[in-house]
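Student: I would like to look closely at one part of this structure, and then go on from there to other places worth examining. Please take your time and connect the steps for me.

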Amino acid sequence: MAPGADKKVTGLVAATFTPLTPQGEINLAEIGPYIDYLTQKQGVNNIFVNGTTGESMSLSVAERKSVAQEWCQKAKGKLDQVIVHVGCLSLKDSQELARHAEEIEASGISVIAPSFFKPKTADVLKRFLQEVASAAPSLPCYYYHIPSMTGVNVLGRDVLEDIEKLIPSFRGVKFSGNDLLDFGQCVSRSQPDWSVLYGVDEQLLAALVMGADGAVGSTYNYMGCHANELISAFKKGDLAHARKIQFKVQEFISSAIKLGFDVGVNKQLMCELSGLRLGPPRLPVMPCPQAQALSIAQKYHSIFPSH
C-alpha cells in the first residue's frame, strides 16, 4: 500500500462492511472475495475500512487491527488505496491504531471526532487530530466529519482552517454531512494536494459540482458501477445523464429509508446483492429480517434492471 501514500485520493471509495460469522466473530476469510467483487463487479478501487459502515465503534482495538491488516494484505496489487479509520473515544486507542496502520502500510488514516466527551471547539478537535496523526507521521491523515453520528457540531471549514500548520501529514476530509455551504467552504479552502471526499451518496452530483475530488460511501459497495457512470457523465459535461442516475439513486435510497435503512439493513442488503457472506451486525445494531432486505433488493432491481 505504501506507494499509494503520496497519491491523491479521487473517484469512488467504498466504505466497507466488516464481515462477521453467524456467531458474531470477525470473518477474515470473506475479505479476499469482497475485494474481487468491488474491483470486478463495481469498478471500485479504493476502500475506507473500519468506518461507520464497518461498525468500528462496536469492535475492539484488537479486532480493528486484524480487520485492517487483512484488508491491506489482500488489497496488494488489487486496490489503489486503503484508508483505515482509526478514530476512537480514547486518544491512546486512536494512536495505537494509527501506529498499526503505518506498520501494515495502509495508504492513509482517517479520524472521527470523539463523541462521548465531545470537543467543544474546532481548536480542541484539531488538537485531538494532531495527537493521533503524530502517531503515524508518514501516513496521509483525513478528518472524518460526520456530525449526525458524533453530535460534534463544529463546522468542517473551521477544522480545516490552518490545519496543515499543525498536521504536516494532513491531506483532506471525508465530509459526511448535508451542509453544502460548509462543504463548499471546505473545498474552497483546501490545499492543492488535499482530497475533499463527500459522504452522502444521494447528493453526490451536488458535491461534484461544488468541487469534490471523490466520494466515500456505503452504497458504493453495490452501486459503485452506477456512481462511476454518474461521475463519468459529469466529467463529460453530460449533466442530464448524471442527473438521471442521481435521481435513480435518490429514488432507491428514499424507498430504503421508508422501509428502515440502517447499518444492519444495509449489510444484509449487500449480502443479497453481492452474494457475499458478511454475517449479522453487532449489538446494539439489530440484524435485518431477510424479508425486509429482499424487499429493498427488489426495489433496487426494479430501478436498475440490468444489475
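Tutor: Let us begin with Glu30, which touches Pro19, Leu276, Arg277 and Leu278 when residues up to four places away in sequence are not counted. Please keep in mind throughout that what you see is a predicted model. Glu30 has its place in the loop between β1 (11–15) and α1 (31–42), and one of the residues it touches, Arg277, also takes part in a contact of the side chain, since the side chain of Glu30 reaches the backbone nitrogen of Arg277 at 2.8 Å. Glu30 has a relative accessible area of 7%, and because buried means under 20%, Glu30 counts as buried.

Two other loop residues are worth setting beside Glu30. Asn50 is found in the loop between β2 (46–49) and α2 (61–75), and its phi is near 60 degrees, a positive value in a residue other than glycine. With a relative accessible area of 1%, Asn50 is buried. Glu105, in the loop between α3 (91–103) and β4 (108–112), also has a positive phi, of about 60 degrees, although it is not a glycine. Its relative accessibility, however, is 36%, and so Glu105 counts as partly exposed. A further loop, between α12 and α13 (290–303), holds Pro284, and there the peptide bond from Leu283 to Pro284 is cis, with omega near 15 degrees.

From the loops we can turn to the interior. In soluble globular proteins, nonpolar side chains tend to be buried together. In this model the largest nonpolar core has 92 residues, and those with the most contacts inside it are Val86, Val159 and Phe252. The element that gives the most to this core is α10, with 7 residues. Apart from this core lies another, of 11 residues, including Val9, Ala15, Phe48 and Leu197. To see the surroundings of one core residue, select Val86: leaving aside neighbours within four places in sequence, Val86 is in contact with Arg64, Ser94, Leu97, Ala98, Ala101, Ile109, Ser110, Val111 and Val132.

The helix α10 also leads us to an enclosed space. The structure holds 1 cavity of 30 Å³ or more, and about 70 Å³ of space lies in the largest cavity. Two elements, α10 (220–236) and α11, give two or more residues to the lining of that cavity, and α10 gives the most, with 5 residues. Among the residues that line the largest cavity are Asp201, Leu204, Tyr220, Ala227 and Val249, and by class the lining divides into 7 nonpolar, 3 polar and 1 charged. Ala227 is a useful residue to follow here, since it is found in helix α10 and at 6% relative accessibility counts as buried. Leaving aside neighbours within four places in sequence, Ala227 is in contact with Leu12, Leu204 and Tyr220. The C-alpha atoms of Ala227 and Val249, which are 22 residues apart along the chain, are separated by 8.5 Å.

Besides this cavity there is an open space to consider, for about 1000 Å³ lies in the largest pocket. The largest pocket is lined by 39 residues, of which Thr52, Thr53, Ile146, Met149 and Val263 lie nearest its centre. By class, its lining has 17 nonpolar, 17 polar and 5 charged residues. Four elements, α5 (147–150), β8 (214–217), α11 (239–259) and α12 (263–274), each supply at least two residues of that lining, and α5 gives the most, with 4 residues.

Because α5 has come up in this way, let us end with a residue from that helix, Pro147. Pro147 counts as buried, at 18% relative accessibility, which is so because the limit for that word is 20%. Its contacts, leaving aside neighbours within four places in sequence, are with Val152, Asn153 and Ser176. Finally, Pro147 and Ala240 are 93 residues apart in sequence, and from C-alpha to C-alpha they are 32 Å apart in space.

Note on methods
Residues numbered from 1 in each chain as written. Predicted model: local features only at pLDDT ≥ 70, side-chain atom pairs only at ≥ 80, totals over all residues. Heavy atoms only, no water. 1 Å grid on protein atoms, 1.4 Å probe; cavity = no way out; pocket = protein on both sides within 12 Å on 5 of 7 lines; lining within 4 Å. Points joined across faces, edges and corners; volume = space filled by probe spheres on them. Nonpolar A, V, L, I, M, F, W, Y, C, P; charged D, E, K, R; others polar. Buried < 20%, exposed > 50% of the residue type's maximum accessible area, 1.4 Å probe, protein only. Polar contact = N/O pair within 3.5 Å; in protein donor to acceptor, adjacent residues only side chain to side chain. Contact = heavy atoms within 4.5 Å. Core = buried A, V, L, I, M, F, W, Y, C linked by side-chain atoms within 4.5 Å.
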